[in-house]
Amino acid sequence: MKKIFTLVALVLIAFSADAKKTFDFEDNGRRLEIGFNLGQVGRSGFMPLKQSDHNAFARFGWGVNAVIGGVYVDFTWASAQHKFDNHISPELYHDNEAFSINAGYQIPVTDWFRFMPVFGYSQTNEGITDCSTINFSSSNSSVTLYHDYNVTPGTRVHSFNYGLGISIQPLSFIVINAVATKHALYGGTAFARGSNRR
């Protein structure tokens, strides 16, 4: 975490010479972004990135992110490994789930670079996926099949989550985000509207 704060400090110093274009908080009031993110959820600490006994829930997940008026929110989720397997069998699988929900505020260093402290909530649980069951949900154009997943009592872990994110806007309508927190590490892209970025 010290390395991240050092990096942010160096970036702030590098951009301080162009003070007219830095820290334009009025630009935040016009910002609207919506996008998706991919990465690792259910981690038990900032390091290491590899799976180990103390980092056993680290799972690849996906989710969504949005910015309204400079306020950043995201949700990233990894479902039970066999829940959406469309094969019916008598197998019972010991699976797990993890998710993270975070919020923060973007600090506009320049019109194309922002950083954001984020805080939120993370949860993991273990359970059993019963592949002998089949359920479905439907929308206007698709049907999703899934198996029952039952959380094992006593395995649900609730955690306070915190960290830091950066946001880079290479084009007026595209934003690239990266977020590192205690219980998740992910990045994503978003479509933007309403900023001063040219």
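This is a short guided walk through the structure shown above, from its overall build to a few of its side chains. The model is a predicted one, so local features are described only at pLDDT of at least 70 and side-chain atom pairs only at pLDDT 80 or more, while totals for chains, interfaces and linings use all residues. Residues are numbered from 1 along each chain as its sequence is written, and side-chain values use heavy atoms, with hydrogens and water left out.

Let us begin with the whole chain. You will find 2 helices and 10 strands in it; these are DSSP runs numbered from the N terminus, with helices (H or I) of at least four residues and strands (E) of at least two. Reading from the N terminus, the order of elements is α-α-β-β-β-β-β-β-β-β-β-β. Of the 198 residues in the chain, 42% are buried, where buried means under 20% relative accessible area, exposed means over 50%, and partly exposed lies in between (1.4 Å probe, protein chains only). The chain exposes about 11,000 Å², and carbon and sulfur atoms supply 65% of that area; accessible areas come from the Shrake-Rupley method with a 1.4 Å probe, and for residues only the protein chains shown count as cover. Among contacts in the chain with a separation of 6 or more, 63% are between residues 24 or more positions apart, a contact being heavy atoms within 4.5 Å.

A good strand to follow next is β6, which spans residues 113–138. Two strands are said to pair if DSSP finds at least two bridges between them. Strand β4 (residues 92–105) runs antiparallel to β6, and 13 bridges join them; glycine 104, for example, has valine 118 in β6 as its bridge partner. Strand β5 (residues 107–108) also pairs with β6 in the antiparallel sense, over 2 bridges. Here proline 108 is matched with arginine 114 of β6, and a hairpin of 4 residues leads from β5 to β6.

Other partners of β6 come later in the chain. Strand β7 (residues 143–151) and β6 pair in the antiparallel sense over 8 bridges, and the two form a hairpin with 4 residues between them. One of the matched positions is glycine 127, whose bridge partner in β7 is valine 151. Strand β8 pairs with β6 over 12 bridges, again in the antiparallel sense, with methionine 116 opposite glycine 165 of β8 as a bridge partner.

Now look at the rings. Rings of Phe, Tyr and Trp (its six-membered ring) pair if their centres lie within 6.5 Å; planes under 30 degrees apart count as stacked, over 60 as edge-to-face and the rest as tilted. By this rule there are 7 aromatic pairs. One of them is the tilted pair of phenylalanine 75 and phenylalanine 99, at 5.7 Å centre to centre and 40 degrees between the planes. The pair links distant parts of the chain, with phenylalanine 75 in β3 (residues 71–78), phenylalanine 99 in β4, and their positions 24 residues apart. Phenylalanine 75 is partly exposed, at 32% relative accessible area. Together with Tyr121, Phe75 and Phe99 form one aromatic cluster.

Why does the pair of phenylalanine 119 and phenylalanine 160 count as stacked? Their planes lie at 20 degrees, with the ring centres 6.3 Å apart, so the pair meets that description. Because phenylalanine 119 sits in β6 and phenylalanine 160 in β8 (residues 157–171), the pair ties together parts that are 41 residues apart in sequence. Phenylalanine 119 is partly exposed at 48%, whereas phenylalanine 160 counts as exposed at 55% relative accessibility.

Charged side chains offer another stop. Side chains of opposite charge can pair when their charged atoms come close. The structure holds 1 salt bridge, meaning a side-chain nitrogen of Lys or Arg within 4 Å of a carboxyl oxygen of Asp or Glu. Glutamate 33 forms it with arginine 31, and the closest N and O atoms are 2.5 Å apart. Are these two residues buried or exposed? Both glutamate 33 and arginine 31 are buried.

Finally, turn to threonine 144, which lies in β7 and is partly exposed at 31%. Leaving aside residues up to four places away in sequence, threonine 144 touches Phe84, Asn135, Phe136 and Ser137. Threonine 144 and asparagine 86 are 58 residues apart in sequence, yet 9.1 Å apart in space, C-alpha to C-alpha.
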